[in-house]
Amino acid sequence: MATARSEFRCLLGSEIICLASFDPHQTLLDFLRLEKGLTGTKEGCAEGDCGACTVLLGRLENSKIHYQPVNACIVPLGIIDSTQVLTVEHLADPEPHPVQQAMAQAHGSQCGFCTPGIVMSLAGLHYDCDAGHANPDHQTLSDTLAGNLCRCTGYGSIMSAAGTACVQPLPGQSRSLRSIAHRVLDEWDQDDTFLNMSGPLGSFAIPTDLETLWQTQRTYPDAQLIAGATDVGLWINKHHQRFESIINLSHVAELKRIEHTQNTLKIGATATVAQGLEQMTDLAPDLGPLLRRFGSAQVRAQATFGGNIANGSPIGDLAPVLIALGATLHLVSPDHQRSIALEDFFVDYGKQDLAPGEIVHTISIPDDAFTQLQCWKISKRFDQDISAVCGAFCLHVTGGTIISARVAFGGMASTPQRARHCEEALVGQNADCTSLEPAAAALKHDFAPITDMRASASYRTDVARGLLERCLRTLGGDPLELLYPVSKAPGLSAHD
Ligand SMILES: Cc1cc2nc3c(=O)[nH]c(=O)nc-3n(C[C@H](O)[C@H](O)[C@H](O)COP(=O)(O)OP(=O)(O)OC[C@H]3O[C@@H](n4cnc5c(N)ncnc54)[C@H](O)[C@@H]3O)c2cc1C
Ligand code: FES
Ligand code: FES
C-alpha cells in the first residue's frame, strides 16, 4: 500500500512547486494568476466553456509524457499533484513558439483575451503531432479548437495558422520541458506515495488504490468525492460550495482500467471520455462523432465515465448510449460489491441507486452490441453544448426482421430511460421505415418531456420520432443525409 505524503507537488514549467497546505477549493487558474503572477492564462467564463484559461497538463502515461489541454478555471489545484503544468509563458523562450508565430502571420489573433488559450490548445496538438499521435487534418484541427471560443477573428485564419504550425519541428524549449517532465514525473512515480494534505482550509487526498481509498474515507467520512471535477468544479466556482474534505478518485489504479476480454468491454469509472473515445470509436462507428461532441478536448481530458453516470443527469450523453448497449454497472464499497443493469441505477431526478459509501467501479458492455449501435446528440449548438435530446438504438436484425430492440433516450424524462413501449412495437417488425408509424405511436407513451431552456416539449417529441425514423431508414438501406456534416474544405468548419 502507498504511504501518505502531506506535501503537494507539481512541476510548473521546469520549476518544482511544493506546498505544505493549500485551499482545496482553489482553482489552478487562481493559483497561476494570483499566486504565481502568470497572467497570460485568462479568465473568461469560469465555467469550462470558453477555453481562455486553457493550459497543458503533462502526465506520465506508459513511460511517456502525454500533454492534454484542460480548463484551469474548473480544475481544483489538488488534482494536478505530480503532473506538469505548461502555460503560455512557458512556450516562447527565446523565440516565439511556432504556433505563436503562425498565429501572428495568419492574423489569427485580435482581442488577445482568447488567444493564449487557443495557442495552448494548438501547442498541445503540436506535441501530439510530434509524437505521431495526431495529424493536423481538418477534422483534428476542428476538434482541437472546439473548446476555444473566438468571436472576432473568424476561425479561418486560426485554422490556417494551426495547419502551418503543427507540421513544424518541435522547438528546443518544448523538447526541454518534456524531458524535464519525464525525469521528474518518473522519479515521483517510483516513490509510491499518495497526497493526503490536511490544512486550515480543508483536506485533499488522492488515494492510489482501493484499500487506501477506504482508509482515507474512514478518516474523512463526509468527504466530497471527485474524479475529473468537471461537474464539481462548477459547484465550487459558480455555486460557491465548500467541503471540509475532498477525495479525488482519479488515481485509484483499480478504477482506471479499460479492458477488452471475453466479448466484454470493461471501462473503469475514472477512465476519461478521451480514453473511452479512443477505445470505443473503432467498435461503434456511430459513437465517435457523438463522443467528439462531448464537451471539448479540454473537458474530455478530465471528465470521467463514472462521474457522468454517478451525477445522474437526465441530459448526460453517456447514459442513453450505454443503456442501449446493455451496459452493467459494478458498484463497490469497503464491505461489498454488486452489479446492476445501468437503467436501474437511475431511480428518479437526482436520485441514483447508490448506497452511502458505495462508488461506481466499472461499466461493462457486451461488445456484440456495438455493431448495432446508432446514436445521435441533438443540441442547440454543434460544438461544446449539452444535449437537448440524445437518442441511442441497438436493434438486432435477422433476415430483415427486428429480433430484439434496446432504445434509450436522454432529455426526454427526469432520468435517462429506455423506451420500452417503442422497443415492444419494434420487435418482430421489418427493419425499415414501414415500422415507423406503430413504433412512433408507442414512443409517445414512453415519454412526456418537459419544456426548458434547451428545448420545448413538442420539439423533443418531434426529435425523438425523427431519430427513430433515421434509425429505421438506415437499417432499411434508405439513410437520411448525415446529421453531423464533416466539412472537407480546409478553413471551413462548424466554427465558421
Ligand atoms: C464545459 C462543459 C461541457 C460539458 N459537456 C458535456 C457534454 O457534452 N455531455 C455530457 O454528458 N456532459 C457534459 N459535461 C458535464 C461533465 O463533464 C460530465 O458529467 C462528466 O462526465 C463528469 O465527470 P467528472 O469525472 O468530471 O465528475 P466530477 O465532477 O468529478 O463528479 C461528478 C459527481 O459524480 C460523483 N462521482 C464521480 N466519480 C464517481 C465514482 N466513481 N463513484 C461514485 N461517484 C462518483 C462525484 O462525487 C460528483 O457527485 C460538461 C461539463 C462542462 C464543464
Ligand atoms: S475561463 Fe472559460 S473555460 Fe475557463
Ligand atoms: S481573438 Fe479574442 S475574440 Fe477573437
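Buried residues are those under 20% relative accessible area, exposed ones those over 50%, and partly exposed ones lie in between (1.4 Å probe, protein chains only). The model shown is predicted, so local features need pLDDT of at least 70 and side-chain atom pairs count only at pLDDT 80 or more, whereas totals for chains, interfaces and linings use all residues. Residues are numbered from 1 along each chain as its sequence is written, chains are lettered from A and ligands numbered from 1 in the order in which they are written, and side-chain values use heavy atoms, with hydrogens and water left out.

**View 1. The protein chain as a whole, as the setting for the close-ups.** The protein chain has 18 helices and 21 strands, taken as DSSP runs numbered from the N terminus (helices H or I, at least four residues; strands E, at least two). Its C-alpha trace spans about 65 × 60 × 40 Å along the principal axes, and 55% of the 496 residues count as buried. The radius of gyration of the protein chain is 23 Å, which agrees with the value near 23 Å that a compact globule of 496 residues would have; this radius is taken over C-alpha atoms, and the globule rule is 2.2 Å times the number of residues to the power 0.38.

**View 2. Ligand 1 and its polar contacts with the backbone.** Of the 35 residues around ligand 1, those that come nearest are Leu225, Ala227, Gly228, Thr230 and Thr304, where a residue is near if one of its heavy atoms lies within 4 Å. Polar backbone atoms of glycine 228 and glycine 295 lie 2.8 Å and 2.9 Å, respectively, from an oxygen atom of ligand 1, and a backbone N or O atom of aspartate 317 is 2.8 Å from an oxygen atom of the ligand. Of the 980 Å² of accessible area that ligand 1 has on its own, the protein covers 93%, the areas coming from the Shrake-Rupley method with a 1.4 Å probe.

The elements that give two or more residues to this shell are β9 (224-226), α8 (232-238), α13 (305-310) and β17 (359-366), and the largest share, 4 residues, comes from α13. By residue class, the shell divides into 17 nonpolar, 11 polar and 7 charged residues. Ligand 1 lies between domain 1 (3-89 + 175-248) and domain 3 (257-475), because both give residues to its shell; the domain bounds come from an automatic or database domain assignment.

**View 3. Helix α7 and the cap at its N-terminal end.** Helix α7 covers residues 210-219, and its buried residues are Leu210, Thr212, Leu213, Trp214, Thr216 and Gln217. Aspartate 209 caps the N-terminal end of α7, with a side-chain oxygen 3.3 Å from the backbone nitrogen of glutamate 211.

**View 4. Threonine 54 in strand β4, and alanine 46 in the loop between α1 and β4.** Threonine 54 lies in β4 (residues 54-61) and counts as buried, because its relative accessibility is 2%. From C-alpha to C-alpha, threonine 54 is 9.1 Å from leucine 29, although the two are 25 residues apart in sequence. Alanine 46 is placed in the loop between α1 (28-35) and β4; its phi is near 60°, a positive value in a residue other than glycine, and at 13% relative accessibility alanine 46 counts as buried.

**View 5. Aspartate 192 in the loop between α6 and β7.** Aspartate 192 is found in the loop between α6 (172-190) and β7 (193-199), where its phi, near 50°, is positive in a residue other than glycine. With a relative accessible area of 47%, aspartate 192 is partly exposed.

Methods: Polar contact = N/O pair within 3.5 Å; in protein donor to acceptor, adjacent residues only side chain to side chain. Nonpolar A, V, L, I, M, F, W, Y, C, P; charged D, E, K, R; others polar.
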